[in-house]
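Biologist: Could you walk me through this model, strand by strand?
Modeller: Gladly, let's look at it together.

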Amino acid sequence: MPNQNEVTVVARLRAAPGKGDALAAMLTEQVGVVRSAEPGCLAYRLHRSTTDPDLFVFFERYVDAAAFEVHRNAPYVLAYRERRQREGLAAGPVEIEMLQVLAD
């Protein structure tokens with residue numbers, strides 16, 4: 001039986017034109033920081049589309065909603081968000097979809 005408190009998040013982000021590789025490097029760095037700093041984060045996986053190299057997708061799992069809030073409000077996550085904006089790496093905001101586990 002799946003943990004009903006577990007939170008799954010799919011986040012999509014598009015690179016600004018010509019900034020795909022720079023965004024990929026920054027997001028990869030972010031993954032390392034999140035994984036080492038958040039014990040409530042069960043999975044934090046970054047993907048890049050094989051058909052649209054400017055599209056990045058995160059697959060994230062947290063033990064519960066509180067762990068996801070810790071992630072969202074972590075100073076290093078906020079710093080990456082500000083850096084992404086300051087360097088013009090993204091074309092628009094991150095699209096976040098929250099999912100509930102129904103079956104493992």
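Biologist: Which residue is the bridge partner of Thr8 in β3?
Modeller: Happy to help; a note on the source comes before the answer. This is a predicted model, where local features need pLDDT of at least 70, side-chain atom pairs count only at pLDDT 80 or more, and totals for chains, interfaces and linings use all residues. Residues are numbered from 1 along each chain as its sequence is written, and side-chain values use heavy atoms, with hydrogens and water left out. Strand β1 (residues 7-14) pairs with β3 in the antiparallel sense over eight bridges, where strands are DSSP E runs of at least two residues (helices: H or I, at least four), numbered from the N terminus, and pairing takes at least two DSSP bridges; in β3, the partner of Thr8 is Arg61.

Biologist: Which residue in β3 does His47 stand opposite?
Modeller: Strand β2 (residues 41-48) runs antiparallel to β3, joined by seven bridges. A hairpin of six residues links β2 to β3. In that pairing, His47 stands opposite Val57.

Biologist: Along β3, which side chains point to one face and are buried?
Modeller: Side chains alternate along β3 (residues 55-62). Leu55, Val57, Phe59 and Arg61 point to the other face and are not buried, buried being under 20% relative accessible area with a 1.4 Å probe, protein chains only (exposed is over 50%, partly exposed in between). The buried face holds Phe56, Phe58, Glu60 and Tyr62.

Biologist: Nice! What pattern does the protein follow along the sequence?
Modeller: There are three helices and four strands in the protein. Read in order, they give β-α-β-β-α-α-β.
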